[in-house]
Amino acid sequence: MSLVTAIYAVLFYAATILLVVGLAYRIRLYAKTPAPLKIPTTPAPVTKGGVVWRMFREVVFFQSLFKANKWTWLFGWIFHFSLLLVLLRHIRYFQEPVWFWVGWVQPFGKYAAFGMVIGLAGLWGRRFLVDRVRYISAPSDHLMLALLLAIGLSGLGMYYVWHTDIIALKAFFLGLMRFDWQPLPADPVLLIHLALVATLMIIFPISKLLHAPGVFFSPTRNQVDNPREQRHLAPWAAELEKQG
Ligand code: HEM
């Protein structure tokens with residue numbers, strides 16, 4: 001067993017634990033944070049079903065971003081949709097046999113890599129070109145974009161130029177999951193791609209990327225607009241009322 005294999009094996013175990021535990025912790029915090037007031041952004045749905053539909057439009061089409069800014073919406077949506085396809089395409093590295101539909105997405109995932117890079121380039125360009133956005137951009141805003149772009153470019157590099165041994169790579173990850181370590185191909189671009197991915201996994205639970213689970217807990221989006229029909233009483237306020 002080479003040192004590189006051992007280092008990456010430990011790195012991915014650690015990154016997976018940090019990602020899963022960190023995300024679970026954050027989501028628990030979001031779920032427990034009180035939402036004392038009725039503050040849905042109007043016009044808002046007046047039924048639960050309506051809220052589900054609103055959330056669907058928000059998550060799938062980025063509706064409020066569309067209303068706010070067409071360029072940001074365009075690049076943002078291209079990036080996220082492409083990322084989804086790329087991630088679905090990657091599932092094949094972690095299972096044997098591969099689900100039939102993971103086979104179907106392979107050709108789309110390939111083009112999605114370009115979508116991902118174009119979307120990220122647009123979003124990053126905006127942080128330099130639009131004065132008011134440049135002014136409020138923190139280093140972490142730039143670094144997250146740089147990290148994602150570097151992952152996409154190293155992935156594309158592997159696909160088109162510096163090929164790696166996919167069979168051996170897959171054996172490595174299946175081996176990690178079965179606690180039966182297999183050698184990892186020591187190709188530099190693969191090692192870069194994987195190190196960047198592990199970095200992403202580790203910082204995800206302490207980064208702005210938490211907006212992904214966070215959107216579901218946003219009171220302006222997930223509340224029913226029925227303050228007159230039904231009195232809004234947060235659980236902690238109900239407790240106080242009982243005592244009083
Ligand atoms: C442990 C996780 C990952 C492994 C093992 C992995 C491995 C690979 C490999 C081997 C390729 C080359 C594919 C080929 O030549 O056919 C690739 C490509 C790529 N990767 Fe990853 N990757 C991982 C995670 C990610 C993540 C999280 C992202 C995005 C944030 C990403 C983005 C890309 C892109 C855009 C490509 C180029 C298009 C494609 O071949 O799908 N990868 N990856």
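**A helical chain and its ligand**

By class, the shell of residues around the ligand consists of 17 nonpolar, four polar and two charged residues. Here Ala, Val, Leu, Ile, Met, Phe, Trp, Tyr, Cys and Pro count as nonpolar, Asp, Glu, Lys and Arg as charged, and the others, Gly among them, as polar. The model is predicted: local features need pLDDT of at least 70 and side-chain atom pairs count only at pLDDT 80 or more, while totals for chains, interfaces and linings use all residues. Residues are numbered from 1 along each chain as its sequence is written, and side-chain values use heavy atoms, with hydrogens and water left out.

The chain as a whole contains twelve helices and zero strands (DSSP runs numbered from the N terminus, H or I over at least four residues for a helix, E over at least two for a strand). Its C-alpha atoms fill a box of roughly 65 × 45 × 40 Å, taken along the principal axes.

Within this helical chain, 23 residues surround the ligand (a residue is near a molecule if one of its heavy atoms lies within 4 Å of it), and the closest are R89, H90, Y93, Y159 and H193. Five helices, α4 (70–90), α5 (100–129), α7 (139–160), α8 (166–177) and α9 (188–203), each supply at least two residues of this shell. The largest share, six residues, comes from α7.

Several side chains make polar contacts with the ligand, in the sense of a pair of N or O atoms within 3.5 Å; within protein, one atom must be able to donate a hydrogen and the other to accept it, and residues adjacent in sequence count only if both atoms are side-chain atoms. A polar side-chain atom of R89 lies 2.6 Å from an oxygen atom of the ligand. For H90, an N or O atom of the side chain is 2.8 Å from a nitrogen atom of the ligand. R92 likewise places a polar side-chain atom 3.4 Å from an oxygen atom of the ligand.

Helix α9, one of the contributors to the shell, also packs against α7. The axes of these two helices come within 9 Å and cross at roughly 150° (axes are lines fitted to C-alpha atoms, for helices over the stretch in contact, with angles from 0 to 180 degrees between N-to-C directions). The two helices are therefore roughly antiparallel to each other (over 145 degrees; under 35 counts as roughly parallel, 65 to 115 as roughly perpendicular and the rest as oblique). In their contact (heavy atoms within 4.5 Å), residues of α7 including M144, L148, I151 and M158 meet residues of α9, among them V189, H193, L196 and L200. This contact has twelve nonpolar, four polar and no charged residues.

A further partner of α9 is α1 (residues 3–32), and here the axes come within 8 Å and cross at roughly 25°. These helices are therefore roughly parallel to each other. Residues of α1 such as V4, Y8, F12 and L19 meet residues of α9 including L191, L194, A198 and I202. The residues of this contact divide into 14 nonpolar, one polar and no charged.

The loops between helices hold some backbone features. A cis peptide bond with omega of about -5° joins T42 and P43, and P43 is found in the loop between α1 and α2 (48–61). Another cis peptide bond, with omega of about 0°, joins E96 and P97; P97 lies in the loop between α4 and α5. In the loop between α2 and α3 (63–68) lies F62, which has a positive phi of about 55° although it is not a glycine.
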